[in-house]
Amino acid sequence: MYNVLAKMIKNGRNEGWNDGRNEGRNEERFCIQTLMSRMFSEGRVDDLRRASTDSDYLNQLLEEQGLLEKDAELQATS
């Protein structure tokens with residue numbers, strides 16, 4: 001019985017972790033899409049080009065557009 005309970009708890013934690021990860025990815029995707037839309041509308045293609053290779057500049061643009069809290073950092077994943 002202990003093994004069954006332990007397995008259920010582990011599965012629940014994994015499910016919660018996966019849900020949180022997916023939610024974070026969706027939020028990040030929304031922020032990037034919103035930033036891109038705004039930058040394109042403003043004709044700031046060069047800024048987007050730079051942000052695509054410079055994560056600090058990407059964070060700066062996200063902050064400028066109110067899409068990223070000042071103390072938060074966007075973690076670039078490769």
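The exercises below, each with a worked solution, deal with a predicted model of a protein chain.

**Exercise 1. Overall make-up**

State how many helices and strands the protein chain has, and in what order its elements run.

Solution. Start with the count: the protein chain has three helices and zero strands. Next, read the elements from the N terminus on, which gives α-α-α. The helices with their residue ranges are α1 (residues 2–41), α2 (residues 45–51) and α3 (residues 55–64).

**Exercise 2. Surface and burial of the chain**

Find what share of the residues counts as buried, and what share of the accessible surface belongs to carbon and sulfur atoms.

Solution. The protein chain has 78 residues, and 19% of them count as buried. Its accessible surface comes to about 6,500 Å². Carbon and sulfur atoms account for 49% of that surface. For contacts, take pairs of residues at least 6 apart in sequence: 37% of these contacts join residues at least 24 apart.

**Exercise 3. Two residues to classify**

Decide whether Leu58 and Gln65 are buried or exposed, and place each one along the chain.

Solution. Take Leu58 first. This residue is found in helix α3. Its relative accessible area is 15%. The cut-off for buried is under 20%, so Leu58 is buried. Leu58 is also 10 residues from Leu48 in sequence, and the two C-alpha atoms are 8.0 Å apart in space.

Now take Gln65, which is found in the segment after α3. Its relative accessible area is 17%, so Gln65 is buried. To see what surrounds Gln65, set aside its neighbours within four places in sequence: the residues in contact with Gln65 are then Leu35, Arg38, Met39, Glu42 and Arg44.

**Exercise 4. Salt bridges around Arg44**

Name the salt bridges that Arg44 makes with Glu42 and Glu64, give the N to O distances, and say which parts of the chain the second pair ties together.

Solution. Side chains of opposite charge can pair when their charged atoms come close. The structure holds five salt bridges. In one of them, Glu42 meets Arg44 with an N to O distance of 3.3 Å. In another, Arg44 meets Glu64 at 2.6 Å, N to O. Arg44 lies in the loop between α1 and α2, while Glu64 lies in helix α3, so this pair ties together parts that are 20 residues apart in sequence.

As for accessibility, Glu42 is at 44% and counts as partly exposed. Glu64, at 43%, also counts as partly exposed.

**Exercise 5. One more bridge, and a network**

Which residue forms a salt bridge with Arg50, and which residues are joined into one network by shared partners?

Solution. The partner of Arg50 is Asp54, with the closest N and O atoms 3.7 Å apart. Arg50 has a relative accessibility of 45% and counts as partly exposed. Asp54, with a relative accessible area of 24%, is partly exposed. The network consists of Glu42, Arg44, Asp47 and Glu64, joined by salt bridges that share partners.

**Exercise 6. Surface patches**

List the residues of the negative surface patch and those of the nonpolar surface patch of about 260 Å².

Solution. The negative patch is formed by Glu15, Asp19, Glu23 and Glu27. Of these residues, Glu23 has its place in helix α1. The nonpolar patch is made by Met36, Phe40 and Val45, and covers about 260 Å². Val45 is found in helix α2. A patch residue needs over 30% relative accessible area. Val45 has 34% and is partly exposed.

How values were computed
Residues are numbered from 1 along each chain as its sequence is written. This is a predicted model: local features need pLDDT of at least 70, side-chain atom pairs count only at pLDDT 80 or more; totals for chains, interfaces and linings use all residues. Side-chain values use heavy atoms; hydrogens and water are left out. Patches are made of residues with over 30% relative accessible area and no salt bridge: like charges are joined within 9 Å, nonpolar side chains (Val, Leu, Ile, Met, Phe, Trp, Tyr) within 5 Å. Accessible areas come from the Shrake-Rupley method with a 1.4 Å probe; for residues, only the protein chains shown count as cover. A salt bridge is a side-chain nitrogen of Lys or Arg within 4 Å of a carboxyl oxygen of Asp or Glu. Lys and Arg count as positive and Asp and Glu as negative; His and the chain ends are not counted. The place of a charge is taken as NZ of Lys, CZ of Arg, CG of Asp or CD of Glu. Helices (H or I, at least four residues) and strands (E, at least two) are DSSP runs, numbered from the N terminus. Buried means under 20% relative accessible area, exposed over 50%, partly exposed in between (1.4 Å probe, protein chains only). Contact means heavy atoms within 4.5 Å.
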